[in-house]
Every structure is written in C-alpha cells, then in structure tokens.
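Let's walk through a structure together, charged pair by charged pair. Have your viewer ready, and we will finish with how the chains are arranged.

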Amino acid sequence: MQTFPLTKVSIVTEALLKDRIIAEIRAAGAKGYTMIECSGEGSRQRRVSEILGDNIKFEVITTQANAERLLQILQHDYFPQYAVIAYLTQVNVVRGDKYV
Amino acid sequence: MQTFPLTKVSIVTEALLKDRIIAEIRAAGAKGYTMIECSGEGSRQRRVSEILGDNIKFEVITTQANAERLLQILQHDYFPQYAVIAYLTQVNVVRGDKYV
Amino acid sequence: MQTFPLTKVSIVTEALLKDRIIAEIRAAGAKGYTMIECSGEGSRQRRVSEILGDNIKFEVITTQANAERLLQILQHDYFPQYAVIAYLTQVNVVRGDKYV
C-alpha cells in the first residue's frame, strides 16, 4: 500500500473566525480542509466555551511548505488578537497527489 | 507509563457512506472506531458542505496490517467514485491489547 | 517557522464523565483542552452509541510528563470501570510556551 508523507495542520479557534480562516487556508495553497465544531478551554484566557460550536477545529492536509506558510499567517495576523491553537502532525496519505 | 505503538486510520467521507464504511472497518479486522460529524471542502470537487453532519470522520486505531488492509479497500472500492480522504498517523496507545 | 515538539493526549470516553475528565486534565498540569462530541463502537463492549454526543473526545496538548501523568490517572481510575480510549501523538506546536 503506497502512501505519501504530508503534513496536517490543526487549527482550533473561535467560530466567528470561520470564513477568514478558510480564506487563509486557501491563500496558503492548501487544496481542502475538514471543519469540526468543538468547545474547550484555552491556556491563557481560561475562557470556557461549553456550548457546542462555539469553537471550531480545522484540519488541513498539505505540503510542509504550505503548512509553514499557513502557520506564519496565523502567527502574524491572529495569535496577537485571538484565541488560536495551531500545530503540525506528520501523516501518511492515500493518493497524495490530491493535496499538492 | 507503558504505551503501545499502533496506527490510527483517519477517514473523511460523505455521511451517506456511514454504514458501508463501518462494515469495511470491521471487515479489515479493526475492533472499534470513533465517528465525528464534520464539514469541509475537498481537493477536487471544490464542493462545500457547510451543513454540520454532511461529512463524517472516522478514526480507527488498529495494527499497521489492518490499517493497510482498510486503505486498500478504500482505494479500490471508494476512491474512484466518492469523495474520500484517508491517512495514517502513528500513535502510542494505553492498553494496546484492546486493539489487536 | 519555529515550532515546539509537544505531546497530544487524545481521550475518547462516555459523555457522562465530562466534568471528571476535565478535572483530571487540570490535575495532571495541562493548561487547556479541546472537546468534541462523537459516537463510536468500542473494542470490548461492542456497545454502539449512534446518538451524536453520547461519547466525547478530548484533545490535550501538553508536555510528555503531564501527558504520562494524565494517562496514569486514566489507567488507574477509569480503565477498570469505564469505556476509555487514550493515546499519544507527537505534534509540533506554534507558541509552545502557552502549553507548559
């Protein structure tokens, strides 16, 4: 079974940023994303969002270069003002050509 | 703390395939799965499913052999006709004997 | 782009344990968590929870030491009585100082 090593970017943030984050994902060069409603408690604000859908989690499978571009946008334009978690996981994808 | 290295198969696909994918997970030898409603945008169709629950994400923790068997089924029977994302992540599991 | 290697603890369990698991996450030293409603089928009970929200998935990004402390609590106090899946994934996080 042939799989392709790619990078998954996971982003957890406030639901009100949904459309802006989707635009950033596209701007970074990624071809798609998965979006999941969630809630949680952050490390700094200790703001509890108990209502389902208050937060949103994006998962974006893309190249390491696109992933780093997306993280840089988030780091520069979102981290200073918004509650954002962003991290990378290494994954092995079926039909990797779809993502590049 | 003793943990066991296993493989997580993540599958994102159309919600209408739910029962068929569950049957394939079992047929591949996996002992269980987690299922999460999601939405998203794919790499080819650019079809946006904004309604929660339109898509579905499965997570299956199993052996590398079962994971590859499951990917082969998906690759052969589903990728040609359906919007499917499938990828592997290496994880370390508590009580690994539950999954094999 | 500078990222920091950290550990993600994923916990899937019965929704009724929500408040207790949140307390254990804090007791283990983690600074936050993400919580997602899910359903699924376990490896032992073969109990199907088809209703959304019957199960719950926590994701906790923290140090390896905190992650192992959390797993030990789960292993000792929850695995004997409850349906619990717990596993670790290595991730690379933006602004890692938020999590330690």
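Glu59(C) counts as buried, with a relative accessibility of 5%. Keep in mind as you look that this is a predicted model. Where does the partner of Glu59(C) sit? The salt bridge here is with Lys57(A), at 2.7 Å from N to O. This pair crosses between chains, running from strand S4 (residues 55-62) of chain C to strand S4 (residues 55-62) of chain A. Lys57(A) is buried as well, at 1% relative accessibility. Since the cut-off for buried is under 20% relative accessible area, Lys57(A) at 1% and Glu59(C) at 5% both fall inside it.

Now turn to chain B, where Glu59(B) makes a salt bridge with Lys8(B), the closest N and O atoms lying 3.4 Å apart. Glu59(B) belongs to strand S4 (residues 55-62) and Lys8(B) to strand S1 (residues 4-14), so this bridge ties together parts of chain B that are 51 residues apart in sequence. Here too the side chains belong to buried residues: Glu59(B) has a relative accessible area of 5%, and Lys8(B) comes in at 3%.

How do these pairs fit into a wider picture? Lys8, Lys57 and Glu59 of chains A, B and C are linked in a network of salt bridges. The two pairs you have just visited, Lys57(A) with Glu59(C) and Glu59(B) with Lys8(B), are made of members of that network.

Over all chains, the structure holds 12 salt bridges. Another of them pairs Arg26(A) with Glu41(B), with 2.5 Å between the closest N and O atoms. Arg26(A) lies in helix H1 (residues 18-27) of chain A, while Glu41(B) lies in strand S2 (residues 33-41) of chain B, so the pair joins two chains. Is each partner buried or partly exposed? Arg26(A) is partly exposed, with a relative accessible area of 42%, whereas Glu41(B) is buried at 3%.

Finally, step back to the chains themselves. Two copies of a chain are related by a rotation about an axis and a shift along it. In this model, a turn of 120° and a shift of 0.0 Å along the axis lay chain C on chain A with an RMSD of 0.0 Å. The two copies are therefore related as by a three-fold rotation axis. They use different surfaces, though: 12% of the contact residues of chain C recur in chain A.

Terms used: Residues are numbered from 1 along each chain as its sequence is written. Chains are lettered from A and ligands numbered from 1 in the order in which they are written. This is a predicted model: local features need pLDDT of at least 70, side-chain atom pairs count only at pLDDT 80 or more; totals for chains, interfaces and linings use all residues. Side-chain values use heavy atoms; hydrogens and water are left out. A salt bridge is a side-chain nitrogen of Lys or Arg within 4 Å of a carboxyl oxygen of Asp or Glu. Helices (H or I, at least four residues) and strands (E, at least two) are DSSP runs, numbered from the N terminus. Buried means under 20% relative accessible area, exposed over 50%, partly exposed in between (1.4 Å probe, protein chains only). Copies are superposed by least squares on the C-alpha atoms of residues with pLDDT of at least 70 in both. Contact means heavy atoms within 4.5 Å.
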